[in-house]
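Visitor: I have just opened this one and don't know my way around yet. Can we go through it bit by bit?

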Amino acid sequence: MSLDTPKFSDLDALYDEENALVATLMYEDPALFDEEMEKIFKTTWVWVAHESEFPDKGSFKLSQVGQEPVIVVRDRKGKIHCMVNRCRHRAATVCEVKKGKTSSFQCPYHGWGYALDGSLRAVPYPEQYGDDFDKSQHGLLKLRTEAYNGMVFASFNEEIEPLEDFLGPQVRRYIDLFMKQGGGFPVKVLGEHQFAVPMNWKVQLENTTDAYHFPVVHKSFMQTLDGATEDMFDFLDKGVGYVEDLGNGHSVMTMIPELMDLDENLDAPIPDRFAELAQELRDEGYPEEQVKKIVRAVSGAGFNLNLFPNVSFSLAFFRVLTPIAVDRTDIRHIAIGMDGGPAAANQARLRLHEHFQGPMGFGSPDDAEVWERVQRGTRGGDSLPILVNRGLVDEEPGEAGPRGHISAETGMRAAYKMWKRMMSQ
Amino acid sequence: MTEMSKIDSRALLADVTEFIWAEGAMLDAKDYDAWLDLWTGDGLYILPIGEGEDYANQLNLCYDNAKMRRDRIGRFQRGFSISSAPPADTVRTLSRFRIEAAGGDLIEVSCAEHLIEDKFGRQRTWAGNAFYTLKVADDGFKLHRKIVRLLNSDGMLNSFSYLF
């Protein structure tokens, strides 16, 4: 390490806000990564689940907050809890089933039993702990847990502002718009693609708000689309849409203006690629109005909403990042559909998801390749900055924060601004 | 199987094994045009996630009909996909062949598949169970259905620039 390597106390050297330059060290330094886990992932709201993933009383799902394994569960009254997956006795995980239904969690080591709300209920042979052993002080470690429109977030920070305030009115509005792709039904998780990428988590944080890469990285995906759909994804050439900083590190990238509000433009003709689906729905007896609403919803929303630090609402799916190490990040692409909606519509959504997403999609592998190439590239030229200054030239005030060209790096600047704010605490 | 004599079934096992080995060699050699010709028109190539068998109504890693297979191969071949230009090199071993059922012109075969990929000087290992439905044709067999269940299909994977 050279003497002029930026120290963590020198946050301006790590992210130069005025010129929008990111230091190479930001992707490379294990000690900085550890500090990020403390100051960001243990401090803010982190997405852990969608409510449909554990729909019933006693349903649970394993998740992670930063590097810590957690259980997200609904108790007998339907209340949602999130707690660290670690027995209070000698630290064994109390659950290794990824998803399921239970009436309690029992540690496999010495049999300590916990209720669905994490409280300690049973200790075998308790006499050896003496009379003053207080079970109420030995429940599973709980996180603050709040949900907005089906999206469940948890935080280790007891003092944190309410989730709705952290999101803010603009983000909440976009979440509500995004969830309209239920097409009149509740949104339901249909499955997920998972892949690990040898990259720092911030490389991924940048990507979902990056329209600039789309025609380059995803050319081979575009080549498999029909003309009308290819035109729909041609937002960069058309220059429509924008990226806007929504505060607290969040941002939105609007790509397809006609799909911003799925309840609007319902009279527009059904695209050719959905003609077969529409006919199938008509044949099943759905009235024309509902057919149009469902078909429109199948194509997904026209924007990416990026929440700091770990979840994106991207067109038609959720993208979740989990930092594993300074140079490894786990990615989940969660497919969503219509709970109780027509099977044909959900099948169409599943096939669209498989087309682009996941280890064998026509899009994700190319994303994963360039993300890894960033991590490989930063091994060289450590004095060179990473540029996130694109679009500063004509950025204007938007409704919530700066708004830039569709290919501007405004969303990345929003995220790094928040990064700096949290790291300076 | 019951109507087949032992000698018939041994001959059939040798024939399907030869066919599946040849298919595996095509995939390692990335001889994809030849691979596409192995398929029936309504054949399905599926890599499921988890244990489910209702492939149409669940999320899979891939669920390819003839068009998706052609598009997938086109994407590999045209050179615009950075993850497949160049792709990882692969070597696979197919073994533990069993004829699960044979009737009419359809034969169901299962086998074990081990695959090692090499890219960026890094090797990764994958293992799965492969299930084939072969259709008897004039000049041998056609692939009618091929399902490969990776052992960790519902776990954290990496992206694939080749086929299993």
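Visitor: Take contacts in chain B between residues at least 6 apart in sequence. What share of them join residues at least 24 apart?

Guide: The share is 57% in chain B. Bear in mind that this is a predicted model.

Visitor: And what is the share in chain A, for contacts between residues at least 6 apart in sequence?

Guide: In chain A, 65% of those contacts join residues at least 24 apart.

Visitor: Back to chain B. How many helices and strands does it have?

Guide: Chain B has three helices and six strands. Their order along the sequence is α-α-β-β-α-β-β-β-β.

Visitor: What radius of gyration does chain B have, and what would a compact globule have?

Guide: Chain B has 16 Å, and a compact globule of 164 residues would have a value near 15 Å, so the two agree. The C-alpha trace of chain B spans about 50 × 35 × 30 Å along its principal axes.

Visitor: How much of chain B is buried?

Guide: Of its 164 residues, 50% count as buried. The accessible surface of chain B is about 7800 Å², with 52% of that on carbon and sulfur atoms.

Visitor: What about charges in chain B?

Guide: There are 20 positive and 25 negative side chains in chain B, and the centres of the two sets are 5 Å apart.

Visitor: Now chain A. How many helices and strands there?

Guide: Chain A has 13 helices and 22 strands.

Visitor: What does the radius of gyration of chain A agree with?

Guide: It agrees with the rule for a compact globule: 425 residues would give a value near 22 Å, and chain A has 23 Å. Along its principal axes, the C-alpha trace of chain A spans about 75 × 70 × 35 Å.

Visitor: What are the burial and surface numbers for chain A?

Guide: Buried residues are 55% of the 425 in chain A. Its accessible surface is about 17700 Å², and carbon and sulfur atoms account for 49% of that.

Visitor: How many positive and negative side chains does chain A have?

Guide: Chain A has 45 positive and 66 negative side chains, with 6 Å between the centres of the two sets.

Visitor: How many residues of each chain are in contact with the other chain?

Guide: The contact involves 36 residues of chain B and 38 residues of chain A. Between them the chains bury about 3100 Å², of which 57% is on carbon and sulfur atoms.

Visitor: Which residues in chain B lose the most area to chain A?

Guide: They are B:Leu59, B:Arg75 and B:Met156, which together make up 24% of what the chain B side buries.

Visitor: Different topic. Where are the cis peptide bonds you can point to?

Guide: One runs from A:Phe308 to A:Pro309, with omega near 5°. A:Pro309 sits in the loop between strands S16 (303–307) and S17 (311–314) of chain A. Another cis bond runs from B:Ala85 to B:Pro86, also with omega near 5°. B:Pro86 is in the loop between helix H3 (66–78) and strand S3 (89–103) of chain B.

Visitor: Why point those out?

Guide: Because most peptide bonds are trans. Likewise, most residues other than glycine have a negative phi.

Visitor: Which residues other than glycine have a positive phi here?

Guide: Among them are A:Ala20, with phi near 55°, and A:Leu315, with phi near 50°. A:Ala20 is in the loop between strands S1 (15–16) and S2 (21–23) of chain A. A:Leu315 is in the loop between S17 and strand S18 (317–325) of chain A.

Visitor: Is A:Leu315 buried or exposed?

Guide: A:Leu315 counts as buried because its relative accessibility is 16%, under the 20% cut-off. A:Ala20 is buried too, at 0%.

Visitor: What does A:Gln181 touch, beyond its sequence neighbours?

Guide: Leaving aside neighbours within four places in sequence, its contacts include A:Leu315, A:Ala316, A:Met338 and A:Arg349. A:Gln181 lies in the loop between helix H3 (163–178) and strand S13 (187–197) of chain A, and at 1% relative accessibility A:Gln181 counts as buried.

Visitor: Last one: where is A:Met253?

Guide: A:Met253 is in strand S15 (residues 250–254) of chain A, and it is buried at 2% relative accessibility. A:Met253 and A:Thr410 are 157 residues apart in sequence, and their C-alpha atoms are 9.2 Å apart in space. Not counting residues up to four places away in sequence, A:Met253 touches residues including A:Thr208, A:Tyr242, A:Phe303 and A:Ile406.

Terms used: Residues are numbered from 1 along each chain as its sequence is written. Chains are lettered from A and ligands numbered from 1 in the order in which they are written. This is a predicted model: local features need pLDDT of at least 70, side-chain atom pairs count only at pLDDT 80 or more; totals for chains, interfaces and linings use all residues. Side-chain values use heavy atoms; hydrogens and water are left out. Helices (H or I, at least four residues) and strands (E, at least two) are DSSP runs, numbered from the N terminus. The radius of gyration is taken over C-alpha atoms; the globule rule is 2.2 Å times the number of residues to the power 0.38. Buried means under 20% relative accessible area, exposed over 50%, partly exposed in between (1.4 Å probe, protein chains only). Contact means heavy atoms within 4.5 Å. Accessible areas come from the Shrake-Rupley method with a 1.4 Å probe; for residues, only the protein chains shown count as cover. Lys and Arg count as positive and Asp and Glu as negative; His and the chain ends are not counted. The place of a charge is taken as NZ of Lys, CZ of Arg, CG of Asp or CD of Glu. Buried area is the accessible area (1.4 Å probe) that two parts lose on being put together, summed over both.
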